[in-house]
Amino acid sequence: MNSSLGGDGFLTTTINYIANWGRKNSLWPMPFGTACCAIEMMGAFASRYDISRFGAEVARFSPRQADLMIVSGTITYKLASVCRRIYDQMPNPKWVIAMGSCTCGGGPFDSYAVVQGIDEFLPVDVYVGGCPPRPEALIDAIMKIQKKIENEGAPII
Amino acid sequence: MSVDSDSVIGSIRSQFESSIYKTYSFRDETTLFVKKESFLKFCRSLKQDFKFTYVIDITAVDYLDIRVPRYEMVYLFHRFGDDYDENIRIRIKVELEDSDITIDSITPIWSGANWLEREVLDMFGIEFRGHPDPRRILMPEDYKPHPLRKDFDVRNRQPSKESFEKELKEGFE
């Protein structure tokens with residue numbers, strides 16, 4: 001236990017613990033959807049699967065306000081520089097989910113134009129396989145990120 | 001006056017007897033092989049006199065080690081009619097020698113050909129004389145090879161990677 005009740009409404013905890021608790025329950029995703037996986041990602045956002053139950057419903061289309069990048073869909077080399085630039089614009093701490101076979105390893109596109117896995121240019125935290133993966137798989141990935149934040153955290157700047 | 005495919009294509013063939021050197025028909029689709037020299041004149045007439053107002057597609061074929069001449073341009077045109085039967089499609093092919101892969105641009109005639117020709121330029125490296133904007137359309141602008149040529153290895157990601165790294169470096173300066 002990192003925190004305990006000190007009586008009379010007081011709570012003693014560490015600043016790291018409370019910061020990570022806040023981070024993991026308010027993951028604001030930057031949706032980088034380029035193909036059919038983005039449809040499943042939208043399904044995960046919408047009411048049937050509803051990732052707001054995990055605090056991750058606030059999709060930010062500005063990278064400055066996001067701390068989780070969900071890359072869903074085929075990434076070509078021409079788009080990769082855009083993807084990397086958006087990642088670099090996100091403030092620290094930040095996490096990346098590679099959603100779908102294409103982002104994990106190129107998928108069926110073994111061609112001259114397609115990046116064979118976005119880990120060639122991005123530090124990926126969780127890989128989600130599937131073509132496309134079900135919304136449950138994306139929710140599982142977000143829960144894994146939450147676990148990671150809880151266990152490892154990130155330095156407070 | 002009713003217009004049917006056979007009469008229109010027949011009158012095209014009789015008017016351009018010297019330009020058309022080969023014709024074949026497969027499942028009611030007519031293909032005309034047109035000489036490269038008279039191609040632009042032929043196209044102008046196709047639009048103005050024969051009312052083929054719509055470019056469906058422009059593409060090319062690379063017959064490396066299969067056929068000489070190596071390249072073949074393929075144009076698909078459409079003529080609109082009031083009745084279903086009066087809609088006519090035609091396929092025009094132009095053969096290009098490996099030593100001179102240039103052809104007249106048809107963008108001045110059909111402006112819709114602009115991006116289609118840029119795609120062929122990008123993928124096959126065929127040069128279009130008189131094109132208003134001859135840049136690559138799909139691949140990065142500093143990309144060198146032409147991916148749909150048969151002598152290009154389809155799994156060769158090195159040129160794409162180089163363009164990507166250059167873009168990354170320049171974007172952050």
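Helices, of at least four residues, and strands, of at least two, are DSSP runs numbered from the N terminus. The model described here, with its chains A and B, is predicted, and all values below are computed from it.

## Chain B and its two domains

Chain B contains 4 helices and 7 strands, and along the sequence these elements follow the pattern α-β-β-α-β-β-β-β-α-β-α. The C-alpha trace of chain B spans about 65 × 35 × 30 Å along its principal axes, and buried residues make up 23% of its 173 residues. Of the contacts in chain B with a separation of 6 or more, 49% are between residues 24 or more positions apart.

The domain assignment of chain B gives domain 1, covering 5–137, and domain 2, covering 139–173, and the C-alpha centres of these two domains lie 29 Å apart. Between them, 8 residues of domain 1 of chain B are in contact with 9 residues of domain 2 of chain B. On the domain 1 side, the largest share, 3 residues, is supplied by helix α3 (residues 113–124) of chain B, and the residues of this side divide into 3 nonpolar, 1 polar and 4 charged.

## Contact between the chains

Across the interface, 13 residues of chain B are in contact with 10 residues of chain A. The chain B side of this interface is made up of 5 nonpolar, 4 polar and 4 charged residues.

## Helix α5 of chain A

Helix α5 of chain A runs through residues 135–151, and its 17 residues reach 24 Å from the first C-alpha to the last, close to the 24 Å expected at 1.5 Å a residue. The buried residues of α5(A) are Pro135(A), Leu138(A), Ala141(A), Ile142(A), Ile145(A), Gln146(A) and Ile149(A). Because these buried residues cover an arc of only 145° around the axis, they fall on the same side of α5(A). An α-helix has 3.6 residues a turn, so residues three or four places apart point the same way.

The cover over the buried residues of α5(A) includes α1 (15–24), α2 (37–45), β4 (68–72), β5 (95–99) and β6 (126–128) of chain A. On the face turned away from the buried side, α5(A) carries the exposed residues Glu136(A), Lys147(A) and Asn151(A). Just after the helix, Gly153(A) takes a positive phi of about 65°.

## Nonpolar cores

The largest nonpolar core has 38 residues, and those with the most contacts inside it are Leu68(A), Met69(A), Val71(A), Ile97(A), Met99(A) and Ile145(A). At least two residues of this core come from each of β3 (29–33), α2, β4, α3 (77–89), β5, β6 and α5 of chain A. Another core, of 26 residues, lies apart from this one and has Leu32(B), Ala60(B), Trp110(B) and Leu116(B) among its members. In soluble globular proteins, nonpolar side chains tend to be buried together.

Ile97(A) gives a view of the largest core from within: leaving aside neighbours within four places in sequence, this residue is in contact with Leu68(A), Ile70(A), Val71(A), Asp125(A), Val126(A), Val128(A), Ala141(A) and Ile145(A).

## A buried loop residue

Val114(A) is found in the loop between α4 (101–105) and β6 of chain A, yet counts as buried because 20 C-beta neighbours lie inside 10 Å. Although Val114(A) and Tyr77(A) are 37 residues apart in sequence, their C-alpha atoms are 6.0 Å apart in space. Beyond its neighbours within four places in sequence, Val114(A) is in contact with Thr74(A), Thr76(A), Gly106(A) and Phe109(A).

## Backbone features in loops

Most residues other than glycine have a negative phi, and most peptide bonds are trans. In chain A, a cis peptide bond with omega of about -5° joins Asn92(A) and Pro93(A), and Pro93(A) has its place in the loop between α3 and β5. In chain B, a cis peptide bond joins Val68(B) and Pro69(B), with omega of about 0°, and Pro69(B) lies in the loop between β3 (54–62) and β4 (71–79) of that chain.

Asp50(A), which is not a glycine, has a positive phi of about 55° and is found in the loop between α2 and β4 of chain A. With 14 C-beta neighbours inside 10 Å, Asp50(A) counts as partly exposed. For Lys51(B), phi has a positive value near 60°, and this residue is found in the loop between α2 (39–48) and β3 of chain B. Lys51(B) counts as partly exposed, with 14 C-beta neighbours inside 10 Å.

Terms used:
Residues are numbered from 1 along each chain as its sequence is written. Chains are lettered from A and ligands numbered from 1 in the order in which they are written. This is a predicted model: local features need pLDDT of at least 70, side-chain atom pairs count only at pLDDT 80 or more; totals for chains, interfaces and linings use all residues. Two residues are in contact if their C-beta atoms, placed from the backbone, lie within 7 Å. Ala, Val, Leu, Ile, Met, Phe, Trp, Tyr, Cys and Pro count as nonpolar, Asp, Glu, Lys and Arg as charged, and the others, Gly among them, as polar. The expected span of a helix is 1.5 Å times one less than its number of residues. A residue is buried if 20 or more other C-beta atoms lie within 10 Å of its own, exposed if 12 or fewer, and partly exposed in between; C-beta atoms are placed from the backbone. The arc is that of the directions from the helix axis to the C-beta atoms. A nonpolar core is a set of buried Ala, Val, Leu, Ile, Met, Phe, Trp, Tyr and Cys residues joined through C-beta atoms within 7 Å. Domain bounds come from an automatic or database domain assignment.
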